[in-house]
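User: Please take me through the wording used for a model like this one, and show me how each word is earned.

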Amino acid sequence: MTAVSGRTDAVLVQGLRKVFGSRVAVEKLDLTIHTGEVLGLLGPNGSGKTTTIRMLCGLMTPTAGSATVVGHDVIAHPEQVRRRIGYMSQRFGLYDDLTVAENMRFYASVYGLRGEVRRRRIAEQLNELGLVERAGQLAGTMSGGWKQRLALACATAHHPAMLFLDEPTAGVDPASRRLLWQWIYGLARQGTTILVTTHYMDEAERCERLAFLSRGHLIAVGTVGEVLTQFAQPTIEDVFIELQRRDEGAVV
Amino acid sequence: MLWKEAVQLRRDRFTLAMMLGIPAMQLILFGYAIRTEVRHLPTVVLDESHTPESRALVSVLRNTGNFDITEWVSSRAELADRIEGGKASAGLVIPRDYMRDIKRGRTASAQMIVDAADPMASSAAMSGAARAGAARAAILSGADSRRSTPLEVRVRPWYNPGMRDAVYIVPGIIGVLLSLTMVLITSIAIVRERERGTLEQLIVTPIDKTSLILGKIVPFLIIGFVQMSVILVLGWLLFDIPVRGSLALLYVMGFAFIVANLGLGLLMSTLVRSQLQAMQLGFLFLLPNILLSGFMFPRSAMPAPAQWLGSALPLTYFLDVLRGVLLKGVGLDHLWQEGLILTLFAIALVTLSVIRFSKTIE
């Protein structure tokens with residue numbers, strides 16, 4: 001963030017490493033995410049995407065390396081980071097036995113919204129995300145797409161400067177997927193920096209820049225065009241498959 | 001199917017450890033710590049007679065092995081104070097004219113006051129006193145069987161004159177149930193959030209650890225008070241359990257006790273990964289609480305290591321408070337130490353759980 005680091009980078013990662021026992025999940029990761037951009041983090045299952053996001057959110061402590069998120073060091077000041085980010089985990093993390101409105105109220109309060117401000121923000125989000133009619137429904141009784149809308153609402157209650165979305169559209173029908181991406185772009189237009197992981201290549205192609213992870217290593221970063229040129233492939237899906245093929249070939 | 005279960009069980013080290021640990025612990029506790037035959041009861045003596053005959057009675061009493069004479073007191077008030085404060089389980093009173101009565105051929109009468117709030121201790125004290133009295137009487141009367149019995153030891157069970165089981169069981173039940181439910185309810189509450197994935201979403205927010213933990217404690221504190229009140233009312237309605245002391249004092253002490261157990265539950269939640277493990281750990285914790293706290297077996301009869309272990313349990317102190325307030329009607333002057341220890345337990349356990357609770361998911 002400009003205020004603290006003097007840069008216009010929302011995320012600055014240097015030499016990030018994470019080891020679980022004898023397994024290296026993330027190795028020597030260097031990554032910069034510019035403020036206001038939508039960066040797609042791609043890679044096969046187990047390549048370290050979720051671990052990277054969790055470290056950037058302060059949910060896991062890196063084994064080595066440093067990470068600055070929205071101007072604050074994640075290791076030294078995780079609470080400063082938490083105040084200014086939103087996070088949607090792979091798994092639905094809200095309370096099944098609370099209603100839509102109750103979940104939103106709880107998260108708005110946790111993010112420090114009170115009284116009239118909170119009431120207005122919840123009303124606004126219910127409207128934006130089309131949740132008004134479901135405000136009184138128990139979150140656990142909703143289908144995947146609706147749950148993700150609610151999760152997005154809760155993660156953005158406090159207008160975070162940066163949003164981490166870990167496979168936000170997994171198990172979501174195409175119509176809901178399209179809507180979710182509309183909101184993601186809406187937030188980006190308002191200046192929110194977004195880091196999103198996905199296995200859908202059409203979604204990947206909508207990102208401004210892509211970062212490919214394989215076995216914990218960052219193996220390619222760039223705009224869609226740059227990546228296509230770099231690997232001489234017609235589509236991102238081909239790039240993805242090509243990278244995975246090389247990766248598996250490297251082991252044999 | 002059998003193969004699958006065996007493989008899964010081998011992977012679930014925690015359950016395996018529990019399955020081996022619980023029986024081992026039970027065996028050790030029952031084998032070494034528990035003595036149904038109660039010996040070494042702390043006993044005070046009020047000897048108003050000061051005669052060879054009164055000293056002989058005391059030494060016979062000591063020789064039964066049931067009693068350890070801990071103090072010679074000089075007044076009935078002192079004797080009452082020791083029993084009320086739980087320092088002594090029994091008190092022998094030998095009246096001034098004890099020796100004279102024996103010499104004149106009248107039946108001399110000593111009194112054994114027994115703290116019947118503790119069931120096993122009191123029955124041991126009663127049988128021991130009866131044996132000692134009979135033994136001394138036999139020596140004195142010698143071959144002369146025509147003579148009326150020269151002395152008797154009359155037993156006075158204080159606090160529970162009818163020697164009803166419910167009177168000492170119900171106050172203990174309050175403590176045991178509170179301890180178990182408070183520990184389980186909190187550890188499960190946290191672990192459930194971890195299992196469902198809601199904890200991950202929660203700790204990524206700026207919510208501070210203290211509010212998170214207080215938020216978990218306060219609702220359960222209220223449940224604890226409701227539970228305590230329900231058992232008290234039922235005990236009073238169904239079993240005629242008295243409340244001889246101050247209810248306010250009981251609730252203040254109960255507050256510290258409940259918070260201590262909630263803190264312990266939170267601490268346990270940082271050690272286990274699943275609700276099942278939390279349950280298992282809860283039951284592992286229940287065992288020493290029932291056996292070593294003095295709920296069923298008097299602590300004075302236990303070997304020293306078992307007593308040390310018992311003194312690490314909040315329930316041990318709360319039992320003294322429950323029996324003290326409900327049955328003995330004693331106040332803060334006798335219970336301040338227990339109150340202080342319970343408060344320290346509460347502060348230490350909650351602080352420790354706040355420190356140990358980490359806002360990460362590793």
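Analyst: Helices (H or I, at least four residues) and strands (E, at least two) are DSSP runs, numbered from the N terminus. This is a predicted model, in which local features need pLDDT of at least 70 and side-chain atom pairs count only at pLDDT 80 or more, while totals for chains, interfaces and linings use all residues. Residues are numbered from 1 along each chain as its sequence is written, and chains are lettered from A and ligands numbered from 1 in the order in which they are written.

User: Where is A:R215 found, and why does A:R215 count as partly exposed?

Analyst: A:R215 is found in the loop of chain A between β9 (209-214) and β10 (217-223). A residue is buried if 20 or more other C-beta atoms, placed from the backbone, lie within 10 Å of its own, exposed if 12 or fewer, and partly exposed in between. A:R215 has 18 C-beta neighbours inside 10 Å, which is in between, and therefore counts as partly exposed. Its phi is near 50°, a positive value in a residue other than glycine. That deserves a remark because most residues other than glycine have a negative phi.

User: Is B:D240 exposed or buried, and how do you know?

Analyst: B:D240 has 12 other C-beta atoms within 10 Å, and because 12 or fewer is the condition for exposed, B:D240 is exposed. This residue belongs to the loop of chain B between α9 (209-239) and α10 (247-269), and although B:D240 is not a glycine, its phi is positive, at about 60°.

User: What does B:R76 count as, and why?

Analyst: B:R76, which is found in helix α4 (residues 76-84) of chain B, has 14 C-beta neighbours inside 10 Å, a count that lies in between, so B:R76 is partly exposed. Over chain B as a whole, buried residues make up 43% of the 362 residues.

User: What makes α7(B) and α11(B) roughly antiparallel to each other?

Analyst: The axes of helix α7 (residues 165-196) and helix α11 (residues 275-292) of chain B come within 9 Å and cross at roughly 160°. Axes are lines fitted to C-alpha atoms, for helices over the stretch in contact, and angles run from 0 to 180 degrees between N-to-C directions. Angles under 35 degrees count as roughly parallel, over 145 as roughly antiparallel, 65 to 115 as roughly perpendicular and the rest as oblique. Roughly 160° is over 145, and therefore α7(B) and α11(B) are roughly antiparallel. Their crossing is right-handed, a word used if the near helix is turned clockwise from the far one by less than a right angle, and left-handed if anticlockwise.

User: Why are α7(B) and α10(B) oblique to each other?

Analyst: These axes come within 7 Å and cross at roughly 40°, an angle outside the three named ranges, so α7(B) and α10(B) are oblique to each other. Where α7(B) passes α10(B), the crossing is right-handed. Residues that meet there include B:M182 and B:I190 in α7(B), and B:F257 and B:L262 in α10(B). The residues of this contact divide into 13 nonpolar, six polar and no charged, where Ala, Val, Leu, Ile, Met, Phe, Trp, Tyr, Cys and Pro count as nonpolar, Asp, Glu, Lys and Arg as charged, and the others, Gly among them, as polar.

User: Which are the edge strands of the open sheet in chain B, and what makes them edge strands?

Analyst: Five strands of chain B form this open sheet in the order β2-β1-β3-β4-β5, with mixed pairing. β2 (67-73) and β5 (151-158) are its edge strands, since each pairs on one side only; two strands pair if DSSP finds at least two bridges between them. By that rule β3 (residues 90-94) and β4 (residues 108-115) of chain B pair, for four bridges join them, and they run antiparallel. One such bridge has B:V93 with B:Q111 in β4(B) as its partner.

User: How many residues of chain A are in contact with chain B?

Analyst: 17 residues of chain A are in contact with 12 residues of chain B, contact being defined by C-beta atoms, placed from the backbone, that lie within 7 Å. Helix α3 (residues 78-84) of chain A gives the most to the side of chain A that touches chain B, with three residues. By class, that side has nine nonpolar, three polar and five charged residues.

Key:
Two residues are in contact if their C-beta atoms, placed from the backbone, lie within 7 Å.
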